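Work through the exercises below with the coordinates open. Try each task before reading its solution.

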Amino acid sequence: MTSFYRKLRTTKRMLAVAVLIVIVVIFLVAHWLHFRMTHIITDDARVDGDVITLSSRVAGWITQFPVIEGDATSKGQTIATIDDRETRHKRAVLEAQLESNLQQSKSLEAEIRQTEASTQGALENTRGKLESTIASRESARLHLEQVRMDYRRSEDLAAKKFISPQALDTARTSLAQAEADLQKAGAEIAASRGAQLTAQADRDKIDMLRAKLKASAADAEQIRAQIATLDTEILDRTIKSPVDGAVVMTFVRANEYVVAGQRLAMIYDPRQQWIEANVKETDIANVEVGQPVAINVSAYPDRVFEGKVARVGGAATSKFALLPDPNPSGNFTKITQRLPVRITLNQFAPELRPGMMVEVAIDHRSR
């Protein structure tokens, strides 16, 4: 009898355990079904981010390349250095030309000041002399007219025997003298005008000197522009990291020769990362920007990362295939297409790397 009750109790326990297991299984299945109904799940997804390719803007020999793949980099850290000796030599030559140009400009400025000081006084002096000679000629002309009138009266008086021949000779001599004085005054005016033209010509040299000074200033600006170009080239010969990140690939080594545009290294910025998922077109109608996303990374199966939908692509991925199938034969098989969906992470996860495979579950209950 005791054995019977013992077996009955054992049977009840087993039945209770079985019922409990069934309840747990039903709960898990119901939870799984509910999760599948409220989430869009795809494993066609991977980590993506900004991978920056550093290239050389100039050609030359690499003198330093202190990083290797996997090295962490900080913003402004030197990634590569290209030989800049020739560029610095060219810059030194231009600096010497600029210094010579500046000295020439100073010499021209001094010559302009000296010419201004000397020619200004000479020009004013010749103007004064010209005005004086013009006044003297006018006085001589008036005097000549008066002497000529006096001579005519003397001739009339001499014809009538009122004056002696000696008085007429004196009047004739006075007329000749007055005519000579007028001619002399005219000659002095011509000389003054010539002196004034000479002084003005010397004064015009200032304009020529100023033109030379202006040309010298233009040459100096051109040299400065060339120096600035060389300074930029010198800066370009030191390639620095634009972000805090990590070196994911290198393409050259120290002592190699590179050309302009050649790739040197690739750097990944972990602060600019996202998940690129490809969602079936049959599910895309339920995807909206802002929906929460659970992310399971294959490399970290025991962790769940959180994110949200940031952007839904406007075209299927097949549209960007290198060799799209136009289906000219008429044979057609319908294949469910996928559209790209970008998912941003809610937390900073530097352990994630571009290309890692993930599985995403987009919660579309909020739709």
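The exercises go from the whole chain to single residues, and the model is a predicted one.

**Exercise 1. Overall make-up**

Task: State how many helices and strands the protein has, and what share of its residues is buried.

Solution:
- Step 1. Assign the secondary structure. The protein has 3 helices and 12 strands.
- Step 2. Apply the burial criterion. Of the 367 residues, 28% count as buried.
- Step 3. Turn to the surface. About 23800 Å² is exposed, and carbon and sulfur atoms supply 56% of it.
- Step 4. Take the contacts with a separation of 6 or more. Residues 24 or more positions apart account for 82% of them.

**Exercise 2. The nonpolar cores**

Task: Find the largest nonpolar core and say which strands supply at least two residues each.

Solution:
- Step 1. Count the members. The largest nonpolar core has 23 residues. Those with the most contacts inside it are I275, V287, I295, I343, L352, V358 and V360.
- Step 2. Map this core onto the strands. Strand 1 (39–55), strand 8, strand 9, strand 10 (300–312), strand 11 (338–345) and strand 12 (357–363) each supply at least two of its residues.
- Step 3. Rank the shares. Strand 11 gives the largest one, 4 residues.
- Step 4. Look for a second group. Another core, of 16 residues, lies apart from this one, and its members include I62, A80, I82 and V252.

**Exercise 3. V287 and V341**

Task: List the contacts of V287 and V341, skipping residues up to four places away in sequence.

Solution:
- Step 1. Start from V287. This residue touches I40, V279, V309, V312, V341 and I362.
- Step 2. Place V341. The residue is in strand 11.
- Step 3. Check its accessibility. V341 counts as buried because its relative accessibility is 0%, under the 20% limit.
- Step 4. List the partners of V341. They are I275, E276, A277, V279, I284, V287, V309, R311 and V312.
- Step 5. Take the C-alpha distance to E288. V341 and E288 are 9.6 Å apart in space and 53 residues apart in sequence.

**Exercise 4. Three loop residues**

Task: Is each of Q291, N346 and N255 buried, partly exposed or exposed?

Solution:
- Step 1. Locate Q291. The loop between strand 8 (263–280) and strand 9 (292–297) holds this residue. Q291 is buried because its relative accessible area is 1%.
- Step 2. Check the polar atoms of Q291. One in its side chain lies 3.0 Å from the backbone nitrogen of E288.
- Step 3. Locate N346. The loop between strand 11 and strand 12 contains this residue. With a relative accessible area of 46%, N346 is partly exposed.
- Step 4. List the contacts of N346 beyond four places in sequence. They are E306, G307 and K308. The C-alpha atoms of N346 and G307 are 4.8 Å apart, with their positions 39 residues apart along the chain.
- Step 5. Locate N255. This residue sits in the loop between strand 6 (245–250) and strand 7 (257–258). N255 is exposed, at 59% relative accessible area.
- Step 6. Check the backbone of N255. Its phi is positive, about 75°, although N255 is not a glycine.

**Exercise 5. A surface patch**

Task: Which residues form a nonpolar patch with V17 on the surface?

Solution:
- Step 1. Collect the members. I21, V25 and V29 form the patch together with V17.
- Step 2. Take the area. The four residues have about 330 Å² of accessible area together.
- Step 3. Place I21. Helix 1 (residues 2–38) contains this residue.

Definitions and conventions:
Residues are numbered from 1 along each chain as its sequence is written. This is a predicted model: local features need pLDDT of at least 70, side-chain atom pairs count only at pLDDT 80 or more; totals for chains, interfaces and linings use all residues. Side-chain values use heavy atoms; hydrogens and water are left out. Patches are made of residues with over 30% relative accessible area and no salt bridge: like charges are joined within 9 Å, nonpolar side chains (Val, Leu, Ile, Met, Phe, Trp, Tyr) within 5 Å. Accessible areas come from the Shrake-Rupley method with a 1.4 Å probe; for residues, only the protein chains shown count as cover. A salt bridge is a side-chain nitrogen of Lys or Arg within 4 Å of a carboxyl oxygen of Asp or Glu. Buried means under 20% relative accessible area, exposed over 50%, partly exposed in between (1.4 Å probe, protein chains only). A polar contact is a pair of N or O atoms within 3.5 Å; within protein, one must be able to donate a hydrogen and the other to accept it, and residues adjacent in sequence count only if both atoms are side-chain atoms. Contact means heavy atoms within 4.5 Å. A nonpolar core is a set of buried Ala, Val, Leu, Ile, Met, Phe, Trp, Tyr and Cys residues joined through side-chain atoms within 4.5 Å.
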